[in-house]
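I opened this notebook to record what I looked up, entry by entry. Backbone geometry comes first, then helix packing and the cores.

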Amino acid sequence: MIYLLPFIAAFIGWITNWIAIKMLFHPKLPINILGITIQGIFPKRQMQFAQKLGHIVSKELISFDEIEKKIHSPETLTKVMPLIDQKVSHFIDHKLSEELPLLSMFINGKTMDNIKAGISHEMEKMFPDLISMLTSQLKNDFDVEKIVTEKVSNFSSDKLEEVLFSIMKKEFTFIEIVGAFLGFIIGWIQILLTTLS
């Protein structure tokens with residue numbers, strides 16, 4: 001009978017950790033028992049969790065300064081300029097003759113090429129300023145921290161539990177297994193102590 005002790009202790013260790021993990025999310029609404037309010041940690045702290053996550057995302061993950069720097073890089077300009085040249089050429093070759101047919105009659109091919117080159121050159125010079133204006137406007141209008149905080153704080157308790165379980169399922173299972181393993185070891189230690197005494 002004494003040799004069942006490690007298995008009983010393993011079960012107790014597992015069930016204790018399983019209950020502890022469940023109590024992270026349950027009860028979802030506050031329950032008052034003998035003057036003590038009980039509520040799952042994540043439902044209780046959902047607003048603080050949302051604020052912290054919003055702050056981390058806005059400061060560490062999505063930085064408009066980094067986006068602006070990346071867009072301003074010579075590599076980005078090298079990729080964008082052929083597209084700009086293509087749009088300028090299409091406008092001058094097709095749209096200009098439609099909008100101003102008389103003008104296109106008096107401009108020869110070489111002059112057209114010079115106009116295209118001039119417009120493309122000006123666009124290349126204007127591009128960094130346009131990007132700076134755009135990112136600055138986005139920075140003012142698009143508050144990442146506020147958006148993430150609102151989204152997460154408005155999650156239902158079920159949705160929050162689903163999201164966190166999908167991220168941490170392996171870790172939660174590991175905690176349960178560790179509880180069972182430690183209980184099993186403690187059970188054997190108790191048997192040894194009982195036998196030695």
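Entry 1, a strand-to-strand loop. I located Leu34 in the loop between β1 and β2 (36–38). The model is predicted, and I read its backbone angles with that in mind. Phi of Leu34 is near 50°, a positive value in a residue other than glycine. I noted this because most residues other than glycine have a negative phi. I then checked the solvent exposure of Leu34: its relative accessibility is 84%, so it counts as exposed, the cut-off being over 50%.

Entry 2, a peptide bond. I looked up the link between His26 and Pro27 and found a cis peptide bond, with omega about -10°. Pro27 belongs to the loop between α1 (5–22) and β1 (31–33). I recorded the bond because most peptide bonds are trans.

Entry 3, a charged residue beside that loop. Which residues does Glu161 touch, not counting residues up to four places away in sequence? I found Phe25, His26 and Lys28. His26 is also a partner in the cis bond of the previous entry. Glu161 itself sits in helix α9 (residues 157–196). Its relative accessible area is 12%, so I entered Glu161 as buried, the limit being under 20%.

Entry 4, a helix pair. I examined helix α3 (residues 46–61) against helix α8 (residues 144–153): their axes come within 8 Å and cross at roughly 150°. Since angles over 145 degrees count as roughly antiparallel, α3 and α8 are therefore roughly antiparallel to each other. I entered the crossing of α3 and α8 as right-handed. From α3 the contact includes Met47, Phe49, Leu53 and Val57, and from α8 it includes Val144, Val148 and Val152. I noted that the residues of this contact divide into 8 nonpolar, 7 polar and 2 charged.

Entry 5, the nonpolar cores. Which residues form the largest nonpolar core? I listed 8: Leu77, Met81, Ile84, Val88, Ile92, Met112, Phe127 and Ile131. Helices α5 (74–99) and α7 (109–141) each supply at least two residues of this core, and α5 gives the most, with 5 residues. I followed Ile131 further and found that it touches Ile71 and His72, not counting residues up to four places away in sequence. Apart from this core lies another, of 7 residues, among them Ile21, Phe42, Leu160 and Leu164. I added one remark for context: in soluble globular proteins, nonpolar side chains tend to be buried together.

Terms used. Residues numbered from 1 in each chain as written. Predicted model: local features only at pLDDT ≥ 70, side-chain atom pairs only at ≥ 80, totals over all residues. Heavy atoms only, no water. Axes fitted to C-alpha atoms, helices over the stretch in contact; angles between N-to-C directions. Parallel < 35°, antiparallel > 145°, perpendicular 65-115°, else oblique. Left-handed = near helix turned anticlockwise from the far one by under 90°. Contact = heavy atoms within 4.5 Å. Nonpolar A, V, L, I, M, F, W, Y, C, P; charged D, E, K, R; others polar. Buried < 20%, exposed > 50% of the residue type's maximum accessible area, 1.4 Å probe, protein only. Core = buried A, V, L, I, M, F, W, Y, C linked by side-chain atoms within 4.5 Å.
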